[in-house]
Amino acid sequence: MSTRVDGPESLIIESRDELVGYLESGCKPQSEWRIGTEHEKFVFNVTDNSPVPYEGPRGIGALLEAHHNCFGWDAVRENGKIIALSCSDCPIGGSISLEPGGQLELSGAPLKTIHDTEAELRQHLSQVGSVAHQLGIGFLGLGFSPKWTLGEIPVMPKDRYRIMMQYMPKRGSHGLDMMFRTATVQVNMDFSDEADMVRKLRVGLALQPIATALFASSPFTEGKLNGFQSYRAQMWQDTDPDRTGGLPFAFDDGMGFERYVDYALDVPMYFVYRDGRYVDVAGASFRDFLSGKLEALPGLRPTIDDWADHLTTLFPEVRLKKFLEMRGADAGPFGLLLGLPALWAGLLYDTTALDGAASLIASWTQEERNEMRLAVPRTGLATPFRGRTLRELAREVLALAEGGLLRRAQRNDKGQDETHMLRPLMEIVETGRTESDRLIAAYEGPWKGNIDRLFESEAL
């Protein structure tokens, strides 16, 4: 039983069961499964490759306003400043938002095919690119900012980020780097029931290091080589141990929605949103909030909106909400942005492929999974595993994904083949040459150690 509170149609949560029910409500029949792709990109001034501030006639705020005026997307404002755009009634919609350091993110709509994802991505880059060109702004798809120091990067005017900025350094040495200097591509995947969710969660967690290796594109820090394939992934290893990592409990007997809720209840909170403002409750648990025992808001009880907000502040390699978020990849060029949904749709949306992936990881131990996750940011596809390398393992995983996509096309009314979306990943495996390797070769070769050449040649 729930009680309505003032404001939006939000309900006070009366029991833990309602939190479980929220996750369980994401279950869908296979006919309703969709693919949602999110990707971030760095925003830079084309004149000098410097970061773009929010304020000013050529700032990120102006970019969002211009997009709003030109294409009619709805503006979302905080304290009077535009911080996001949404287009719920567009044929291919989604939302555009800002990460802490001005990384521009497209949170794509839940779409039926990766062909739809491609159309969505092309539309987005065309629209945002047209307004950016007028402002002298460019975009860069990499996992880590290749040139800028932490101090050079502007802070976006979102109060939740200011709360996180104060809390992050208390839990790890790279939380601010993660916030301000990383960019990713993610894909959101559906599940049919609790058992299906658990299988997909386990496969996703176990194989996430392979995605990290395949999509590695962050070999630079402050204009120099950093010795890593994915420096973005390395930053996550010292961000906040309470809310990151590979979720070892997910492989225990009895794993399900309830177990994830118990985990989330004890992950420290960042904030509570009330009366149009973010209240700092950093370090408090949602379990205490559920009992009305928040020190900053005594007696206040949470709504389901608070629970949904809290779930977005957990950062494991695969995150459970009403769907599963695959979170292990660096941002990258156009082809790789499509490669991620192709990889996971092939593996997770076909029973035979999912069976094969589950069988592949079945005997892996927690120690092996963790060692792989810790090693892959530096050694990428060369990471050793059970007498072979992740490159060899990735070849096997991609074969499973390709078979899954072929069968998916056979089931599709239009017979749309999505397997070509995997070609950039197959080329990486066949050559052993990742996006990071390609960028390193250019830096040491024709760019002659000049990182500004990257902005010229790799802009989206």
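These legends go with an overview and several close-ups of a predicted model.

**Figure 1. The whole chain, with 17 helices and 19 strands.** The radius of gyration is 21 Å against the 23 Å that the globule rule gives for 460 residues, so the protein is as compact as a globular protein of that length. Measure the C-alpha trace along its principal axes and you get spans of about 65 × 55 × 45 Å. Of the 460 residues, 56% count as buried. If you look just at contacts with a separation of 6 or more, 72% of them come from residues 24 or more positions apart. The accessible surface comes to about 18,300 Å², and carbon and sulfur atoms account for 48% of that. As for charge, there are 49 positive and 65 negative side chains, and the centres of the two sets lie 2 Å apart.

**Figure 2. Confidence along the chain, and the stretch at residues 1–9.** The average pLDDT is 95, and 97% of the residues score at least 70. Over residues 1–9, though, pLDDT stays under 50. The model still has 16 contacts beyond four places in sequence for this stretch. Where pLDDT is low, the predicted coordinates should not be read in detail.

**Figure 3. M164 in helix α4.** The helix in this view covers residues 159–167. M164 has a relative accessible area of 6%, which is under the 20% cut-off, so this residue counts as buried. Leaving aside neighbours within four places in sequence, M164 is in contact with M179, Y270 and F315. F144 is 20 residues from M164 along the chain, and the two C-alpha atoms are separated by 19 Å.

**Figure 4. F334 in helix α11, with L460 among its contacts.** Helix α11 runs over residues 334–348, so to speak from F334 itself. At 22% relative accessibility, F334 counts as partly exposed. Not counting residues up to four places away in sequence, F334 touches E118, L121, R122 and L125 as well as L460. F334 and L460 are 126 residues apart in sequence, yet their C-alpha atoms are 7.4 Å apart in space.

**Figure 5. E435 in helix α16.** This helix spans residues 435–444. E435 is a buried glutamate, with 10% relative accessibility. Beyond four places in sequence, E435 touches A216, S217, P333, L336 and E458. L104 is 331 residues away from E435 along the chain, with 21 Å between the C-alpha atoms.

**Figure 6. D275 in the loop between β13 and β14.** The strands on either side are β13 (271–274) and β14 (277–280). D275 has a phi near 55°, a positive value in a residue other than glycine. Most residues other than glycine have a negative phi. D275 is exposed, at 80% relative accessibility.

**Figure 7. R386, another non-glycine residue with a positive phi.** Here phi is about 50°. R386 sits in the loop between β18 (384–385) and β19 (388–389). With 45% relative accessibility, R386 counts as partly exposed.

Definitions and conventions: Residues numbered from 1 in each chain as written. Heavy atoms only, no water. Helix = DSSP H or I, 4+ residues; strand = E, 2+ residues; numbered from the N terminus. Buried < 20%, exposed > 50% of the residue type's maximum accessible area, 1.4 Å probe, protein only. Contact = heavy atoms within 4.5 Å. Rg over C-alpha atoms; globule rule 2.2 N^0.38 Å. Areas by Shrake-Rupley, 256 points an atom, 1.4 Å probe, with all protein chains shown as cover. Lys, Arg positive; Asp, Glu negative; His and termini not counted. Charge placed at Lys NZ, Arg CZ, Asp CG, Glu CD. pLDDT = per-residue confidence, 0-100.
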